[in-house]
Structure formats: structure tokens, C-alpha cells
Amino acid sequence: MATTNRPDRSRQIPRNVCVVSLTSFFTDLSGKMIINLLPLFLANALGVGTTVIRGLRLPASVIAGALRDAISPGAPFFFGAALALIAAGALWIWKPQPAQS
């Protein structure tokens, strides 16, 4: 009688760990993609010059570095999320009125 070498089911990686790993992978991948595409969007779609783009990157990195050093490594993320929520709220409040004809 031949014996089969089946892996022990108790040693397999749980499904939740695989799903979280894939989610983390795709989140990291999309973050790396947007960092490289954002300057192209600003330059081509909005017509912003490269000098302005480089000028915006320096204060942003200084602020992010100061927040990371002073508070915690996650502070720049939460600061950015708070600014995005404030901007979304402001756009919702001051949305342009449709033209009446």
C-alpha cells in the first residue's frame, strides 16, 4: 500500500492571512503607482510647470518628516486624511450652483 505525503491541514496558512496579504500588496502597489503618476497628471492635465511641482514636494516632505519625528510614523497619513476630509467638506458646502437658463 502506497502512502501519500499530504501536508498537514493544521500547518496551512489561513485564508484570512492570504486575503490580508493580497490586500496589503495591492495597496502598496497602487501607492507606488500614484506617486509616480501624480506629477505627470499635474503637468499634463492641469498645465502646472515642473518647477511648481518640485516646489510643492519640498514643503510636503518637510511637514511629513516633522510630523513623523514629533508624533508617530502614522501621523503624516492621518494629517493627510484629515486635510482630505476638510477639503471634501469644503467642496461639498461650496459646490458650484448649476447655471439657470
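**Reading a nonpolar patch and its aromatic pairs**

Tutor: Let's begin on the surface of this predicted model: L22, F25, F26, L29, M33, I34, I35, L37, L38, L40, F41 and L46 form a nonpolar patch there, with about 1200 Å² of accessible area together. Residues are numbered from 1 along each chain as its sequence is written; local features need pLDDT of at least 70, and side-chain atom pairs count only at pLDDT 80 or more.

Student: What makes a nonpolar patch?

Tutor: Its residues have over 30% relative accessible area and no salt bridge, and nonpolar side chains (Val, Leu, Ile, Met, Phe, Trp, Tyr) are joined within 5 Å. A salt bridge would be a side-chain nitrogen of Lys or Arg within 4 Å of a carboxyl oxygen of Asp or Glu.

Student: Is M33 buried or exposed?

Tutor: Buried means under 20% relative accessible area, exposed over 50%, and partly exposed in between (1.4 Å probe, protein chains only). M33 is partly exposed because its relative accessibility is 45%.

Student: How is a pair of aromatic rings described?

Tutor: By the distance of the centres and the angle of the planes. Rings of Phe, Tyr and Trp (its six-membered ring) pair if their centres lie within 6.5 Å; planes under 30 degrees apart are stacked, over 60 edge-to-face, the rest tilted.

Student: How many aromatic pairs are here?

Tutor: There are 2. F25 and F26 pair edge-to-face, 5.2 Å centre to centre with 65 degrees between the planes. F25 is partly exposed at 48%, and F26 is partly exposed at 48% too. F77 and F78 also pair edge-to-face, at 5.3 Å and 70 degrees. F77 counts as exposed at 58%, as does F78 at 57%.

Terms used: Heavy atoms only, no water. Patch = residues over 30% accessible without salt bridge, like charges linked within 9 Å, V, L, I, M, F, W, Y side chains within 5 Å. Areas by Shrake-Rupley, 256 points an atom, 1.4 Å probe, with all protein chains shown as cover.
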